[in-house]
Amino acid sequence: MMLSPDQAADSDHPSSAHSDPESLGGADAKVLGSVSDLEQVEEAEGDGKGGGRAALYPHPQQLSREEKRRRRRATAKYRSAHATRERIRVEAFNLAFAELRKLLPTLPPDKKLSKIEILRLAICYISYLNHVLDV
């Protein structure tokens, strides 16, 4: 950054370190040169023509239903609650298969069956029981 002769003379004093645009505004201040320039740019961006922060972060009432849902689902609290619900659902699902497995006759009795094998065996067993009742 180029300093004017007045700024170069003042830069030797420790009190001027805080008035340096680089220390005040970061990267934007390096490009613009002063805080007042930064304020003018922000005012120009916020003129209602779709630029600036308002376009990037619209008010929640302006969001579509899908966008509101997407933002809500992106929160850590929502993801944690969803994971808990899913875990409970899977545990209930596995418990139901375990109960069904206990009712089905297999040889050997402790044979490990997959879920699809349990379902197919249950269909065959129900069909067999219906046949026994019909005879």
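Begin by colouring the chain by confidence: in this predicted model, the mean pLDDT is lowest in helix H3, residues 27-32, at 44, and highest in helix H8, residues 115-134, at 96. Over the chain as a whole the average pLDDT is 74, and 56% of the residues score at least 70. If you then select residues 13-48, you will be looking at a stretch where pLDDT stays under 50, and for which the model has 23 contacts beyond four places in sequence.

Next, move to helix H7 and select phenylalanine 93 and phenylalanine 97, which both lie in that helix, four residues apart, or about one turn of the helix. The structure holds one aromatic pair. Its rings, those of phenylalanine 93 and phenylalanine 97, have their centres 4.9 Å apart and their planes at 70 degrees, so the pair is edge-to-face. Switching on a surface lets you compare the two residues: phenylalanine 93 is partly exposed, with a relative accessible area of 42%, whereas phenylalanine 97 is buried, at 12%.

Keep phenylalanine 97 in view and add lysine 115, whose charged end sits over the ring of phenylalanine 97, 6.0 Å from the centre of that ring. For another arrangement of a charged residue and a ring, select arginine 85 together with tyrosine 78, where the arginine lies over the face of the tyrosine at 5.8 Å from the ring centre.

Now return to phenylalanine 97 and add Leu104, Leu113, Ile118 and Ala122, since these five residues make up the largest nonpolar core. In soluble globular proteins, nonpolar side chains tend to be buried together. Within this group, pause at leucine 113, which touches Arg101, Thr106, Ile118 and Leu121 when residues up to four places away in sequence are not counted.

One of those partners, threonine 106, is the last stop, and you will find it in the loop between helix H7, residues 76-103, and helix H8. Is threonine 106 buried or exposed? Its relative accessibility is 16%, and threonine 106 therefore counts as buried. Show its side chain and you can trace a polar contact to the side chain of arginine 101, at 2.8 Å, while the side chain of threonine 106 also reaches the backbone oxygen of proline 108, at 3.2 Å. Leaving aside neighbours within four places in sequence, threonine 106 is in contact with Arg101, Leu113 and Leu121.

Methods: Residues numbered from 1 in each chain as written. Predicted model: local features only at pLDDT ≥ 70, side-chain atom pairs only at ≥ 80, totals over all residues. Heavy atoms only, no water. pLDDT = per-residue confidence, 0-100. Helix = DSSP H or I, 4+ residues; strand = E, 2+ residues; numbered from the N terminus. Contact = heavy atoms within 4.5 Å. Buried < 20%, exposed > 50% of the residue type's maximum accessible area, 1.4 Å probe, protein only. Polar contact = N/O pair within 3.5 Å; in protein donor to acceptor, adjacent residues only side chain to side chain. Phe/Tyr/Trp six-rings, centres within 6.5 Å; stacked < 30°, edge-to-face > 60°. Lys NZ or Arg CZ within 6 Å of the ring centre and 35° of its normal. Core = buried A, V, L, I, M, F, W, Y, C linked by side-chain atoms within 4.5 Å.
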